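Hi,

Here is the structure I promised to pass on. Have a look at it first, and my notes follow underneath.

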Amino acid sequence: MRHSVVLLAASALAFGGAIAGGAVPPPVVVNDALLLGDSMPRTLEEFGFFRKRNGTDPAPGVVPYELNTPLYSDGADKLRYIYLPDGEQLVAVGDGLLQFPVGSAIIKTFAFGEGANQRFIETRVLLHRPDGWLALPYRWNDEQTEARLALAGARLPITRPDGSEISYRVPNKNQCKTCHSMDGEVIPIGPKARNLSKEWLAQMVEAGRLSEVPAGSDSMPDWAVREGADTAALARAYLDVNCAHCHQPGGGASNSGLDLRWEQDEPHALGIRKPPVAAGRGAGGHKVSIAPGDPDASILVYRMDSAEPGIAMPELGKSTVDEEGVAVVRKWIAEMKQGNDAT
Amino acid sequence: MIRLTVAAPLCALALANTAPVLAETHTVAPGQGAQERLQEALILAQPGDEVLLEAGRYMLTDGLSLDVDGVTVRGAGADESVLDFTGQQGSGEGLLVTSDDVTLRDFAVENAKGDGIKSKGADRIIYHAIRVEWTNGPDANNGAYGIYPVEASDILVQDSYVRGASDAGIYVGQSENIIVRRNRVVENVAGIEIENSNNAEVTENLATRNTGGILVFDLPGLPKVGGGNVLVARNAVIDNNTDNFAPEGNIVASVPAGTGVMVMANKGVHISENALVNNSTSHVMMIAYTQEYNDDRYEPRPVDVVISNNIYGTGGYAPDFAGGDMIAAAMGGALPPVLTDGLHSNFVKLDTVPVVSLGLKTVGQPFAEAQPQILAPVPIVTEVKFTPVALPDGMEARLQ
């Protein structure tokens with residue numbers, strides 16, 4: 001039951017606040033006009049997504065969600081929310097990306113540290129405006145009282161839970177789009193029905209905020225409890241979530257011819273025995289993206305296993321190697337039969 | 001009357017220019033915070049604006065990107081305004097452009113960790129008087145491409161200089177309507193490479209001390225295949241004998257040192273009026289793509305290749321492929337200036353130089369089965385015409 005919907009509770013609170021009239025601070029309401037406008041607000045607070053200045057306690061219409069298999073971001077914890085304006089709902093399109101109405105938003109806060117030591121680093125927002133989606137990064141101050149627009153991004157030292165020090169990259173506005181793009185337009189990439197739990201989807205339907213629970217939803221494995229799960233499913237989900245936003249037709253790396261989407265089953269498109277095109281030293285002396293049965297001869301593994309710019313994949317949002325992700329993909333390739341293209 | 005004749009063309013120019021009247025110049029200087037200041041200028045620029053890079057060295061830690069149409073990024077000169085990526089910690093290239101009608105001019109990119117400048121889906125882009133350099137010279141650890149436009153229409157790369165790329169200095173991929181002229185490409189694996197592209201003119205360039213001077217390739221299995229209608233003319237292709245330093249796995253890693261102009265697959269390649277001097281394997285090479293592929297659209301052989309009016313200097317004296325030295329010895333110490341694997345179709349040879357064929361009969365046949373021979377003259381089967389490249393009206397006017 002980790003996927004709970006606080007939408008109803010939040011609405012009740014807002015209603016209660018209104019009735020009490022002055023006894024409690026007026027409820028924070030999301031600033032729809034600002035969201036739909038054409039400005040780039042200087043602070044996250046101006047949107048009114050959260051009741052508290054520290055970016056907690058979501059406002060009415062702001063709903064938390066989790067993904068079965070999440071994107072790796074140097075081990076940062078992520079707090080994900082969607083915002084839907086009053087009376088609007090998401091539309092499910094098969095097992096793919098949910099369709100968001102104009103006026104909605106996706107909000108993701110990146111944090112390091114546990115419990116009282118948790119510190120917010122940045123909050124990225126995707127706004128669905130009448131002329132399309134806009135991606136903006138906001139960086140939290142040291143006092144954790146304000147997140148300010150960081151159009152040009154930032155680079156800052158972070159101590160990870162394991163004690164290692166890294167240079168963490170807050171992406172700039174264009175870098176947001178580098179991943180969030182399809183045929184040159186900004187799009188969301190995370191909330192696909194196949195990567196959302198049935199419970200959450202059902203609750204959203206019940207709350208009137210989603211058209212239906214589509215077939216094929218919740219089909220990606222839960223990365224958090226992956227022991228014993230099917231290796232191919234885990235690896236393919238990982239690649240879909242971490243790589244396919246660029247590596248698909250119309251994506252940022254379409255010219256590579258590599259298509260790592262969940263629904264792609266053609267071996268060559270997935271990289272099996274596929275020579276590189278523009279890998280440069282990212283090829284690491286290997287001749288194909290995936291050499292069945294031989295992860296050590298596979299460019300895919302070589303690049304995932306590097307943190308060095310020019311070699312490392314993904315190119316953005318990663319300063320460290322995701323050892324667990326590499327292990328799963330490694331195992332998947334090792335288990336492939338060399339003689340045929342078993343995927 | 002004099003005033004009138006001057007005014008008329010000016011008016012025409014002004015009307016043709018679609019940039020807003022109130023175009024702004026965003027001036028950026030090197031120094032503290034250059035990364036953020038420059039990136040912010042690239043984000044906040046509006047169509048028609050110019051981002052002006054003052055002279056000096058910009059020490060950058062992350063890749064830069066431009067996603068606004070119609071912006072000019074201009075420096076004070078290719079040796080004056082230097083974007084220095086020696087300390088780069090993230091991104092796959094120095095500068096990434098993803099918008100249309102962009103002009104990049106008069107600045108340098110040094111030591112990018114991945115590619116130098118990449119433009120993807122950026123139509124009508126101009127690279128003018130740009131320098132992209134890996135300052136340590138040939139090194140497998142250098143970035144792959146220097147100037148790298150891909151998946152676009154109407155591309156002009158001119159008067160630029162690229163050195164040290166571990167793949168291609170100037171690489172145009174999966175694009176069409178391309179002019180690459182008056183550039184100098186030095187000490188790259190491939191000097192200039194036109195790959196999976198149509199309608200390209202590669203003219204008046206100097207390609208020297210690369211592994212291969214100018215490559216025209218077509219590869220299978222990519223979104224766009226079937227490259228052709230390429231003119232390689234009036235270039236100086238000299239001393240391209242640098243040992244191949246490309247990381248293995250990349251297609252250019254198979255290019256022999258000492259290659260002048262190389263055609264792999266493609267249809268309609270014209271090699272004319274070039275000066276081909278001291279390339280130790282072959283001045284002109286035509287070969288089929290030999291690796292396995294599964295792509296019905298793909299023609300692995302070079303088809304309709306024309307060579308005419310080239311000047312051939314010494315060369316072919318140290319062929320850099322297995323058995324090459326024996327073939328050279330058998331032919332009097334050096335290979336003839338033109339080499340084919342024998343798999344080409346409709347070769348229009350208007351130059352009088354001899355051609356050595358490896359005598360292969362089928363695509364993928366091992367080189368060990370080569371039966372080297374001087375290619376017998378064959379009648380020209382089909383005349384091959386080149387359709388000149390015309391860039392859209394007003395594009396080159398942006399440089400004035």
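**Helices 8 and 5 of chain A, and the cavities**

In helix 8 of chain A, the buried residues are A:Gly325, A:Val326, A:Val328, A:Val329, A:Trp332 and A:Ile333. Looking down the axis of helix 8 of chain A, you'll see these buried residues fall within an arc of 165°, so they line one face of the helix. That fits the usual geometry: an α-helix has 3.6 residues a turn, so residues three or four places apart point the same way. Keep in mind that this is a predicted model.

What does that buried set pack against? Helix 5 (231-242) and helix 7 (299-304) of chain A. As for length, helix 8 (residues 323-335) has 13 residues, which should span 18 Å at 1.5 Å a residue, and its end C-alpha atoms are indeed 18 Å apart.

Helix 5 of chain A is mostly covered, with 11 of its 12 residues buried. Among them are A:Leu234, A:Tyr238 and A:Leu239, along with A:Arg236 and A:Asp240. The cover over the buried residues of helix 5 includes helix 6 (267-270), helix 7 and helix 8 of chain A. Its length checks out too: the 12 residues should span 16 Å at 1.5 Å a residue, and the end C-alpha atoms are 16 Å apart.

On to the cavities: there are seven of 30 Å³ or more. The largest holds about 160 Å³ of space. It is lined by 16 residues, and nearest its centre lie A:His268, A:Pro275, B:Leu219, B:Pro220 and B:Tyr289. The lining of this largest cavity divides into nine nonpolar, five polar and two charged residues.

Cheers

Notes. Residues are numbered from 1 along each chain as its sequence is written. Chains are lettered from A and ligands numbered from 1 in the order in which they are written. This is a predicted model: local features need pLDDT of at least 70, side-chain atom pairs count only at pLDDT 80 or more; totals for chains, interfaces and linings use all residues. Side-chain values use heavy atoms; hydrogens and water are left out. On a 1 Å grid over the protein atoms alone, a cavity is a set of points where a 1.4 Å probe fits but cannot get out, and a pocket is an open set with protein on both sides within 12 Å along at least five of seven lines; lining residues have an atom within 4 Å of a point. Grid points are joined across faces, edges and corners, and a volume is the space filled by probe spheres set on the points. Ala, Val, Leu, Ile, Met, Phe, Trp, Tyr, Cys and Pro count as nonpolar, Asp, Glu, Lys and Arg as charged, and the others, Gly among them, as polar. Helices (H or I, at least four residues) and strands (E, at least two) are DSSP runs, numbered from the N terminus. The expected span of a helix is 1.5 Å times one less than its number of residues. Buried means under 20% relative accessible area, exposed over 50%, partly exposed in between (1.4 Å probe, protein chains only). The arc is that of the directions from the helix axis to the C-beta atoms. Contact means heavy atoms within 4.5 Å.
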